[in-house]
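This report goes through the contacts between and within two chains. It starts inside one chain, moves to the other, and ends with the interface that joins them.

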Amino acid sequence: MAQVAKLIDVTKCTACRGCQVACKQWNELPVEAPPKEMAFTGTLQSHPDLAPNTFTIIQFFEEKDDTNTVKYRFRKTGCMHCTDAACILVCEKKALTKLENGIVYRDKDKCIGCGYCAQNCPFQVPKVNPKTEKATKCTLCGDRIANKMKPACVTTCITGALDFGPRDEMLKKAKKRVETLQKQGVANANIYGEKELGGTNVIYVLADKPEAYGLPADPQIPLTATLWQQYGKPIGAAVFCASFATTLFAFFLNRKKDLAPKLHHHEGGKSHGV
Amino acid sequence: MAYSDNDRFPRFGKAARVVHFTHLISFFVLFFTGMSLYFNFLSPLNLLFGGASSAKLIHRIAACIFFFGPILGICLNPKGFFLVIREITHWRKEDFQFIVTFLHKFFGQPHEVAPQGYLNGGQKLNVYLLGFGFLGLSITGFVLWFPQYVPISFALWCYPLHSLLAPCLTAAVLGHGYLGSFHPGSGASWEAIWGGTLSRAFAEHHHARWAQEVDSQLGRTRR
């Protein structure tokens, strides 16, 4: 099956947040209970962060330009569906897998809500629902895709900021769009997700460097995750097996020996035995 | 007081013994729930605990007992704790001689035992292994439980450390448990942690210097 991708062109996004609503509707996600700190914090962003029942949000990046006018940058945030996915690497229960079409699929029955994926994701995307004890994230509407439909957010996007299709096609579109933007004077326009983490299945067209949109410039699987899975786990298992085998060996070797300490009636000198 | 071959040597008080066994039980509960949660192929073990969710809850309850048990023990008997601290920070030549012959002892080979104090060289090493294992596993475990309260870079290190420390501590516990309970040469030390006292034969063999001290304190003189 060909790899699919969602293309997010932030230069066309008006932050209408229709995608957020469509996502909630299709996935039947209830509203998040507003946190105590939900009071107005000076931003027009709807939610402070992704949440167990909020798979996507439009993040607002606000700054003033030279003329003291507020400039907005919007970015639709959600799972990047990485090829080298840290969440898959650290998921002990194999609840997260990479499908042939590129989707990072979460099997909710296998998930035990340990939160390893949430901590190790370079984008901090998965969130653990404390009530259901399951980690959640964007599914890329795998169920819709399987039925030849586009993801709910893409279908609802009125400005054409979201697109969906075969990954190579989306990349072509992204490159063409970046060329156009650069010709129009957006010198820093770039593609994000083409090569990052082995190539992601969510691709961005950004008008500025990734950091300006809250994205890491060079996202990596955490070193600790690699050390843990590739070295820590097998070394730990080897230490346990070796100690168990050695103890068992000593047990059978010694079990019939008469090694019990005996009284020698000496004055604290060296004693012999075991 | 007259010296007798049947003399007992007071070793551990009631608090230490209760804490030891509470700690031991919590360790095994942590071990089995941890294994069932950590290794995918051991997932069926979760059924013993009522599913993954209950296993996780039991793991956390056991973790609290594992961590706070010894702290309660220290509060109940601070004198005993400081005695152990004093012992493990004072190393004598004989302690190293004991450690050098450890493998001979473990595999039941004849060897000489240098006169040892309240804790022999092997036990001193064991206190370090179990102590640091206990602290390391507890700290990393609580971080895994509450990662939101620490910097993410620190939390990320706790995952590999917890999964490496757990089998290392288990290895130390296996050796400790075998030597202290089933080894024909030292298994009699079980009497100390179960009943609180050691026999003269065992005390003089494994802790000759300490046995002399106790005899002299209790005025037990040879006939």
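## Domain contact in chain A

Glu92(A) and Lys233(A) form a salt bridge, with 2.4 Å between the closest N and O atoms. A salt bridge here is a side-chain nitrogen of Lys or Arg within 4 Å of a carboxyl oxygen of Asp or Glu. By this rule there is 1 salt bridge across the interface of domain 1 and domain 2 of chain A.

The model is predicted: local features need pLDDT of at least 70, side-chain atom pairs count only at pLDDT 80 or more, and totals for chains, interfaces and linings use all residues. Side-chain values use heavy atoms, without hydrogens and water, residues are numbered from 1 along each chain as its sequence is written, and chains are lettered from A and ligands numbered from 1 in the order in which they are written.

Domain 1 of chain A spans 4-219, and domain 2 spans 222-254. These bounds come from an automatic or database domain assignment. The C-alpha centres of the two domains of chain A are 39 Å apart. In contact are 6 residues from domain 1 of chain A and 7 residues from domain 2 of chain A; contact means heavy atoms within 4.5 Å.

The two domains of chain A bury about 560 Å² between them, with 62% from carbon and sulfur atoms. Buried area is the accessible area (1.4 Å probe) that two parts lose on being put together, summed over both. On the domain 1 side, Leu89(A), Glu92(A) and Asn120(A) supply 74% of the area buried against domain 2 of chain A, more than any other three residues. Glu92(A) is thus named twice: in this trio and in the salt bridge.

Between these domains of chain A, 2 residue pairs are in polar contact, both residues at pLDDT 80 or more. A polar contact is a pair of N or O atoms within 3.5 Å; within protein, one must be able to donate a hydrogen and the other to accept it, and residues adjacent in sequence count only if both atoms are side-chain atoms. Helix H2 (86-90) and helix H3 (116-120) of chain A each give two or more residues to the domain 1 side. H2(A) has the largest share, 3 residues. Helices (H or I, at least four residues) and strands (E, at least two) are DSSP runs, numbered from the N terminus.

## Two positive phi values in chain A

Most residues other than glycine have a negative phi. Two residues of chain A have positive values.

| Residue | Phi | Loop | Relative accessibility |
|---|---|---|---|
| Asn68(A) | near 65° | between strand S2 (57-64) and strand S3 (70-77) of chain A | 55%, exposed |
| Gln124(A) | about 55° | between H3 and strand S6 (127-129) of chain A | 34%, partly exposed |

Buried means under 20% relative accessible area, exposed over 50%, and partly exposed in between (1.4 Å probe, protein chains only).

## Domain contact in chain B

Chain B divides into domain 1 (12-76) and domain 2 (92-223). Their C-alpha centres are 20 Å apart. In chain B, 14 residues of domain 1 touch 16 residues of domain 2. The area buried between these two domains of chain B is about 1,500 Å², and carbon and sulfur atoms give 76% of it. Phe12(B), Phe21(B) and Phe27(B) lose the most area on the domain 1 side, together 35% of what that side buries.

How many salt bridges are counted between domain 1 of chain B and domain 2 of chain B? The count is 0. There are 4 residue pairs in polar contact between them, both residues at pLDDT 80 or more. H1 and H2 of chain B each supply at least two residues of the domain 1 side. H1(B) gives the largest share, 7 residues. That side has 10 nonpolar, 2 polar and 2 charged residues. Ala, Val, Leu, Ile, Met, Phe, Trp, Tyr, Cys and Pro count as nonpolar, Asp, Glu, Lys and Arg as charged, and the others, Gly among them, as polar.

## Interface of chains A and B

Contact joins 55 residues of chain B to 47 residues of chain A. The chains bury about 4,500 Å² between them, 63% of it on carbon and sulfur atoms. The rule finds 1 salt bridge across this interface. Lys56(B) forms a salt bridge with Glu133(A), with the closest N and O atoms 3.6 Å apart. Polar contacts number 15 residue pairs between chain B and chain A, both residues at pLDDT 80 or more.

Several elements of chain B supply at least two residues each to the side touching chain A, among them helix H1 (14-38), helix H2 (52-76) and helix H7 (152-182). H7(B) gives the largest share, 16 residues. By class, this side of chain B has 31 nonpolar, 17 polar and 7 charged residues.
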